[in-house]
Amino acid sequence: MKVTRIRMEHLDDPFGIGVSRPRLSWTTETGRRGWTQSAYEVQARGKRIRVESADSVLVPWPFAPLASRERVAVRVRVTGQDGERSRWSEVCQVEAGLLSPDDWSARFVGGGRLLRTEFDVRPGLTRARLYATALGVYEAEINGTVVGDHVLAPGWTSYGRRLRYQTFDVTALLTEGRNAIGALLGDGWYRGRLGFGGGRKYIYGDRLALLAQLELRYADGRTDRVVTDGSWQAASGPVVSSGIYEGETHDARLERPGWSSPGHRAVYDDVDVLDRDLSVLTAPTGPPVRRTEILAPVATLTSPSGATILDFGQNLVGRLRVTAEGAAGERVVLRHAEIQEDGELCTRLLRTAEAADVYVLRGEGEETWEPRFTFHGFRYASVEGPVTRTLAVVCHSDMERTGWFDCSDPLVNRLHENVVWGMRGNFVDVPTDCPQRDERLGWTGDLQVFAPTGTFLYGSAGVLSSWLADLAAEQTADGAVPVVVPNVLGDPALTPVAGWSDAVVVVPWVLYQRYGDAGILAARFDGMRRWVDLVAGLAGPGRLWNTGFQIGDWLDPSAPPERPHETRTPAELVATAYLARSADLVAQAAEVLGRTADHDHYAGLAAEVRRAFAAEYVTATGRVLSDSPTAYALALCFGLLPEPAQREHAVRRLASLVRAGGHAMPTGFLGTPLLCDALTGGGRPDAAYKLLLRRECPSWLYAVTMGATTVWERWDGLLPDGSVNPGEMTSFNHYAFGAVADWLHRTVAGLAPAEPGYRRIAVAPRPGGGLTRARARLRTPYGPAESSWSIEAGWLVLEVEVPPNTTALVTVPGGERVDVGSGRHRWRVPYAEVAVPVTLDSTLEQVGDRLEAVTEVIARHRPEFVPYLGRTLSGEITVRRAVELVRGDHELMAAVEDALTL
């Protein structure tokens, strides 16, 4: 029995943490089946505290609060229900950052893209910490060495209300005597252009600046500080220009060798000291953006125009690292694109984003360069100039990978891998809609549907908690939530929009469900409540949200290409459905937090909206207004159909609609994540599998068959002839449609949380679609969990791993339901895919794949009805009634019955 992975909040390395009472988590490793914890002990500061509790995730800090800069060694040991006690864990060091604005004596300084100063270090240095941030993005150096491995620090937040600072241990970079420190600055999100349609610059400010505080602690207990102030020096530096959309231009001839080393002699300007509010400074809650992978090109191509184009084999996000050798002043020009069009880089889809980097050689032999202050979404890159080697550097928020899935279908596996790469590319500090064109914004609707998938694939609680803090900062007093966070679109983004603004409710709830963090609900409850109150006011006493602009089921394939919000599902139906759901989630959150009055109020509101929805949009038999798949998916998944018979009818109608469409994807951003769940929950997993496995456009696997390595924004990003969709809004790296991966995890493989944080696990795989195996693995807050099944020779084998200190409810396909404790478990049961018997009294929808044989028989006997068969044969009538409608006799009836039994 061993205690491992002690964490503070959601951080494995709680260094520079921004809270004084960090909650603790740990996992226990043991080979004992059914092991549960009965007590734990925490040791720190020479004290030991024992708590009789089975809790091991996000337990309260049991000591006096941390002070700013305080470093504490923490150990944990646990006791099992059998009374046996573990050994003490290894030490976890937690160190607080600067917790109060009064801890800062530094001031923001600017005046150039390169800033520096020199200082002395006395003998006996024991610890050195650099606390730093910027208005813009920065990279710090001490004595000629880059500090840390962060990319695009301090990241993107709602700068006027929240500005993250970073904490670095720089003890090893300092030497006794004279030292130097400096930083390079870039425009980044702070000063650079943001937004589509040309966007805007200087949204947050027009002056770059650095805030740095270097604290030196000595053995004699004294501390020295080196801070940004009026004594620093400034210069223009080699970064001529930089922008998120534009790219970066670096002139190596303007470099100042040794600029961050002591004794550097050059002409510098005085810095400007800026007066800024330091109360907005906050420590990070998640990992920074880092370089996470290096890819070499898989092919070198020559375009019709003669350009050299490198294919990296994967649509990725990051930048290029080039090695070149040439004369001073020669230029290396790098351009980026996700796709090729007519053999050239397809840059038209970037709209106004230039996505081009330029390096001007200094002419001193071999030179290697990588941009610092930009990123691009690309698979292909053109390279001009004397380049001898090019690599792609993948950059994204350095989250821990926690979830995996694979199955017997290689196309489905590639789809899942595309979802993973899409998340990597769009979690560049902020969860964005796309990483390549003049947008890259934190669209709330995209994340609202993707959050369940994202929280499985990666440990994203820290990143999303930070994003939710920005959402709270951007939310208006009356409850309006912008459609992009941070909000760089201004007042137009504050129009209440269903499915997008509802992220304020849905995302905290998802984080609670997946990580067991009730603190997120507590921190965000007021914003959740204010949003629902706002919409309830818009809906009025009738409880129907049927006014105002809505995005609706965005990119429904039936919508006109240039008007993707004009979908077949009425916007007011979507909006009212989301009001019911969000009110219900607020009620559940209130119950978790012990807010009884709030629970009763919002539960009552949700019930009123459900009744209004059913009265306005649902017939007595269960047909939903617009008769669209999205309408049925919303009604079924959000619990909007009051009667069992209505729900049964809705499932039948939904299955009929998707079958009638050849199982082509009939839904957009809001309907797609719900579609497979609506079918599976209604007893039609066969229809869900047919949607999953379809290869023709529109479908999930169509993009895979066309060579996609990420999830597309549009179902038809590439047309079947291989040409690029002519629309300007075509991205090949959007994660919204990748939300289906959550269904793969929970339903195909069968691994889901039964209680928040996976304290109790639901294992209930639903094999189908001809798959012969599937597996999902997840590193839960309690340890690794797994559900894996395989079918061979009429037997199904299910293997389950349950982490210590948890339990699982296992539903064996075709077999038992059983509660199990921790450990590995195995079942082997007879299995055959259930074939639903069809008869003359089955509906045409239930006939499924044999419908074609039925229509062929009818056509042979009654050819005069062939032109009318499509209109006559509704999926909800029985086969017998269909034969009667075409005036069939006993002979035709018998022939159709024979066709059904073949």
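Good morning, colleagues. The count of salt bridges in this structure comes to 70. Please keep in mind that the model is predicted. Side chains of opposite charge can pair when their charged atoms come close. I shall present three such pairs, then a network, and finally one further arginine.

Let us begin with Glu-95. Which residue does Glu-95 meet in a salt bridge? The partner is Arg-71, and the N to O distance is 2.8 Å. Glu-95 belongs to strand 7, residues 92–96, whereas Arg-71 belongs to strand 6, residues 71–80. The two residues are 24 apart, and the pair links distant parts of the chain. How does each side of this pair stand with respect to the surface? Glu-95 has a relative accessible area of 0% and is therefore buried, the cut-off being under 20%. Arg-71, by contrast, has a relative accessibility of 39% and counts as partly exposed.

The second pair is formed by Arg-178 and Asp-120, whose closest N and O atoms are 3.3 Å apart. Arg-178 is located in strand 15, residues 177–186, and Asp-120 in strand 9, residues 114–121, so the salt bridge ties together parts 58 residues apart in sequence. Are these residues buried or partly exposed? Arg-178, at 43% relative accessibility, counts as partly exposed. Asp-120 is partly exposed as well, with a relative accessible area of 49%.

I turn now to the third pair, Glu-713 and Arg-437, whose side chains meet in a salt bridge at 2.9 Å, N to O. Where do the two partners lie? Glu-713 is in the loop between helix 13 (700–705) and helix 14 (740–749), and Arg-437 is in the loop between strand 36 (430–431) and helix 3 (444–457). Because of these positions, the pair ties together parts that are 276 residues apart in sequence. Glu-713 and Arg-437 are both buried.

Salt bridges can also share partners, and one network arises in this way. Its members are Glu-41, Arg-48, Arg-50, Glu-52 and Arg-77.

Finally, I draw your attention to Arg-563. This residue is found in the loop between helix 6 (518–539) and helix 7 (571–592). Arg-563 has a relative accessible area of 41%, and is therefore partly exposed. How far apart are Arg-563 and Leu-391 in space? From C-alpha to C-alpha, the distance is 39 Å, and in sequence the two are 172 residues apart.

To close, I return to the pair of Glu-713 and Arg-437: both residues are buried, and their side chains meet in a salt bridge. Thank you for your attention.

How values were computed. Residues numbered from 1 in each chain as written. Predicted model: local features only at pLDDT ≥ 70, side-chain atom pairs only at ≥ 80, totals over all residues. Heavy atoms only, no water. Salt bridge = Lys/Arg side-chain N within 4 Å of Asp/Glu carboxyl O. Helix = DSSP H or I, 4+ residues; strand = E, 2+ residues; numbered from the N terminus. Buried < 20%, exposed > 50% of the residue type's maximum accessible area, 1.4 Å probe, protein only.
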